[in-house]
Amino acid sequence: PFARRTAAVRDYLAELMRVDMRSFDPDSPLHYQARVRMVDGASFGSVHTSSVISCRTNLLLKDGQDDLLLCMPEMDTVLEIPGKGEMTIRPGDAFLLSSAREMRLIIRGSGRLCGMRIPRKAVTPILPRLGSAPAMHIRRGTPLLSLLTRYVGLLEDEPLIGSLAQQTAA
């Protein structure tokens, strides 16, 4: 029964997030609990997870997805980008990554990761020089990063009722 549940979770994540995810240790169970909110123009939330490896493979890139993911992990995380090397993201840091980029995300410890997914077409007018498939490490202390982290937490915890609240969140 465990193997079937793990396969079902992996299939669900592949469909929803367009990534392949598996436990870092094949002999350990995959623990994954997510809270996701979707509003016009974005989705946001958090994940409590065990050690995992999440990949956006060349095969998955064929879906044409180019949303941007801003992620703020509360545990050490390694982001491997073919041709760019690897980034070690520490608690308090963040990363901005295009879904149009092949990547491998390695989380070696249990913990929480929060973030936002924003369609690239919504960001391009604001940041026209962002590049075609960004992969950026945003270090702790970068102006507004702590505010953004608290904002995502607030959006996650507060009920969004009505179109005005949803527009405010977007």
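In the predicted model, Val36 finds its bridge partner in strand S3, where Gly45 takes that role. The two strands concerned, S2 and S3 (residues 42–49), are paired through 8 bridges and run antiparallel to each other. This pair belongs to an open sheet of 6 strands, which follow the order S2-S3-S10-S5-S8-S11 with antiparallel pairing. Strand S2 (32–39) and strand S11 (135–138) occupy the edges, and each has a single partner strand, so one side of each lacks a neighbour in the sheet. From one strand to the next, the twist averages 15°.

It helps to place this sheet in the chain as a whole. The protein chain contains 4 helices and 11 strands, and 39% of its 170 residues count as buried. Contacts that reach far along the sequence are well represented: of those between residues at least 6 apart, 70% join residues at least 24 apart. About 9900 Å² of the protein chain is exposed, and carbon and sulfur atoms account for 56% of that area.

A further set of pairings centres on strand S6 (77–81). S6 is mostly covered, with 4 of its 5 residues buried. One of its pairings is with S7, antiparallel and held over 5 bridges; here Thr77 sits opposite Ile89 of S7. The hairpin formed by S6 and S7 leaves 3 residues between the strands, and Gly83 in this hairpin adopts a positive phi near 85°. S6 also pairs with S9, again in the antiparallel sense, through 4 bridges. In that pairing, Val78 has Ile106 of S9 as its bridge partner.

The nonpolar interior can be followed from these strands. The largest nonpolar core holds 17 residues, of which Leu79, Ile81, Phe95, Leu97 and Met103 touch the most other members. At least two residues of this core come from each of S6, strand S7 (85–89), S8 and S9. S9 provides the largest share, 3 residues. Met103 offers a convenient view of these surroundings: beyond its neighbours within four places in sequence, Met103 contacts Leu79, Ile81 and Leu97, and also Val19, Ser54, Cys55, Arg56, Glu80 and Pro82. Separate from this is a second core of 15 residues, whose members include Phe44, Ala94, Val123 and Ile138.

A closer look at the loop between strands S8 and S9 brings in a polar residue. Ser99 lies in this loop, which links strand S8 (94–98) to strand S9 (103–107). Ser99 counts as buried because its relative accessible area is 7%, under the 20% cut-off. Its side chain makes a polar contact of 3.0 Å with the side chain of Arg117. When residues up to four places away in sequence are set aside, Ser99 touches Arg117 together with Arg56, Leu61, Gln65, Asp66 and Asp67. Arg56 thus appears in the contact lists of both Ser99 and Met103.

Definitions and conventions
Residues numbered from 1 in each chain as written. Predicted model: local features only at pLDDT ≥ 70, side-chain atom pairs only at ≥ 80, totals over all residues. Heavy atoms only, no water. Buried < 20%, exposed > 50% of the residue type's maximum accessible area, 1.4 Å probe, protein only. Contact = heavy atoms within 4.5 Å. Areas by Shrake-Rupley, 256 points an atom, 1.4 Å probe, with all protein chains shown as cover. Polar contact = N/O pair within 3.5 Å; in protein donor to acceptor, adjacent residues only side chain to side chain. Core = buried A, V, L, I, M, F, W, Y, C linked by side-chain atoms within 4.5 Å. Pairing = 2+ DSSP bridges. Axes fitted to C-alpha atoms, helices over the stretch in contact; angles between N-to-C directions.
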